[in-house]
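Visitor: Hi, could you walk me through this one? I'm new to reading structures.
Guide: Sure, let's look at it together.

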Amino acid sequence: MLRWEKIEEGAMLLHSTVISLVPPYSFERLLRRLETHPDPQLFVDTEASTLRRAFRVGTRPVLASLQFAGSTEEPVIRLNTEATLSPAEQQLLEKTVRHMFSADQDLTPVYEHMRQSPEMAVLTERFRGLRFFLDSDLFQSMVKTIIGQQINLAFAASLTQRLLELAGDMMEDTDGRTFMAFPTEEAVARLEPDDLRPLQFSQRKAEYIIDYARAIVNGTIDLDRLWQMEDEEIVAYLTSLRGIGRWTVECLMMFGMGRPDLLPAADIGLRNGLQLVFGLADKPDEKEIRRIGAAWTPWRSLYSLYIWEAVGAVRRKEVWE
DNA sequence: GGCCAGGCTAGCA
DNA sequence: TGCTAGCATGGC
């Protein structure tokens with residue numbers, strides 16, 4: 001399944017690995033989604049079907065390019081990295097990339113389930129091959145989610161960008177492009193709210209993010225434990241921290257962990273999306289969303305993604321057939 | 001200028 | 001348990 005090659009490129013040796021994804025996977029839909037959900041860590045080269053990004057492998061920042069090859073029905077990603085990675089580091093990076101692309105998510109049973117609803121059936125056609133593009137680790141997933149609380153996506157991306165510039169590690173590729181690796185827990189824990197205030201973080205947002213990083217550094221919170229915990233255990237565990245509510249943890253479990261059955265019923269985007277997709281007269285409240293969403297188990301995360309994406313498509317003025 | 005953003009806390013009944 | 005004011009700032 002994995003193929004190794006060495007390619008001479010200028011003075012720099014590259015490792016190239018091929019990663020196969022479970023079909024269908026639509027790179028096109030991912031690119032569309034990134035238009036309305038910008039990721040300041042990604043350099044998107046649409047022409048070359050390539051994403052470039054700085055990863056943190058262990059503690060070390062590493063540049064990698066992810067080139068989409070193949071097709072929706074035979075999806076393949078070519079992962080190019082620096083030659084200086086050890087086999088263990090290379091393996092760790094590949095695991096992260098598979099996670100980010102939800103490489104093993106089989107959409108077949110999800111679509112079968114969604115087709116029971118005419119409104120959702122339309123979305124399975126329109127967004128065929130759309131999957132979660134996950135955060136590379138749980139620390140940054142939570143930080144980005146806290147940043148995203150109650151502000152629009154564009155502003156959230158700006159704030160994330162500024163945090164990267166303040167506390168991340170800068171790298172440069174052979175073409176002179178600069179990339180920022182997400183700040184470490186330690187780097188964020190060392191900050192004070194006054195460092196973030198000039199970047200237009202609210203006082204509270206600054207406190208929440210720094211407190212969260214400190215809780216990890218001092219061992220109050222152990223993110224590795226989450227993988228063994230049930231959804232509701234994770235909610236109870238993390239909402240003990242100030243600034244982290246149910247919505248934030250639900251987003252962490254969806255966008256950080258890739259869990260399939262979360263319903264962030266308080267989410268304003270989901271409320272708008274439900275009204276849009278199901279043609280409701282009024283914007284549904286949290287209780288109403290839980291009532292409607294009960295029928296979506298065990299795929300409530302995927303339903304949410306497709307409903308969010310309907311809002312995104314309208315925002316991008318995509319023609320609705 | 002007013003309303004909306006992929007919320008949370010604290011205070012109160 | 002359930003409701004609400006206040007927070008804080010950009011985008012449209």
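**Protein, DNA and helices**

Guide: Let's begin with the backbone: a backbone N or O atom of Gly245 lies 3.1 Å from a phosphate oxygen of DNA strand B. A polar contact here is a pair of N or O atoms within 3.5 Å; within protein, one must be able to donate a hydrogen and the other to accept it, and residues adjacent in sequence count only if both atoms are side-chain atoms.

Visitor: Before we go on, what kind of model is this?
Guide: This is a predicted model, where local features need pLDDT of at least 70 and side-chain atom pairs count only at pLDDT 80 or more, while totals for chains, interfaces and linings use all residues. Residues are numbered from 1 along each chain as its sequence is written, chains are lettered from A and ligands numbered from 1 in the order in which they are written, and side-chain values use heavy atoms, with hydrogens and water left out.

Visitor: Ok, which residues come nearest to DNA strand B?
Guide: His37, Gly243, Thr248, Phe255 and Asp267, out of 24 residues around the strand. A residue is near a strand if one of its heavy atoms lies within 4 Å of it.

Visitor: What does Asp267 do there with its side chain?
Guide: A polar side-chain atom of Asp267 lies 3.3 Å from a sugar or linking oxygen of DNA strand B. Leu153 uses a backbone N or O atom instead, 3.0 Å from a phosphate oxygen of that strand.

Visitor: Which helix gives the largest share of that surface?
Guide: α11, with 4 residues. Helices are DSSP runs (H or I, at least four residues), numbered from the N terminus. α12 (268-278) and α14 (300-315) also supply at least two residues each.

Visitor: And what classes of residue make up the surface near strand B?
Guide: There are 9 nonpolar, 9 polar and 6 charged residues. Ala, Val, Leu, Ile, Met, Phe, Trp, Tyr, Cys and Pro count as nonpolar, Asp, Glu, Lys and Arg as charged, and the others, Gly among them, as polar.

Visitor: Switching over, what surrounds DNA strand C?
Guide: Gln150, Asn152, Phe155, Arg197, Gln200, Ser202, Gln203 and Arg204. By class, that surface has 1 nonpolar, 5 polar and 2 charged residues.

Visitor: Which part of strand C does Arg204 meet?
Guide: A base nitrogen, 3.0 Å from a polar side-chain atom of Arg204. Asn152 also has a polar side-chain atom 3.4 Å from a base nitrogen of strand C, whereas for Arg197 the partner is a phosphate oxygen, at 3.4 Å.

Visitor: Back to the helices. How do α12 and α14 cross?
Guide: Their axes come within 8 Å and cross at roughly 80°. That makes α12 roughly perpendicular to α14. Axes are lines fitted to C-alpha atoms, for helices over the stretch in contact, and angles run from 0 to 180 degrees between N-to-C directions. Angles under 35 degrees count as roughly parallel, over 145 as roughly antiparallel, 65 to 115 as roughly perpendicular and the rest as oblique.

Visitor: Which residues meet there?
Guide: Among them are Leu270, Leu274 and Val277 in α12, and Ile307, Trp308 and Val311 in α14. Contact means heavy atoms within 4.5 Å. This contact has 10 nonpolar, 4 polar and no charged residues.

Visitor: What about α10 and α11, at what angle do they cross?
Guide: Roughly 130°, with the axes of α10 (residues 231-238) and α11 (residues 246-256) coming within 9 Å. The two are therefore oblique to each other.
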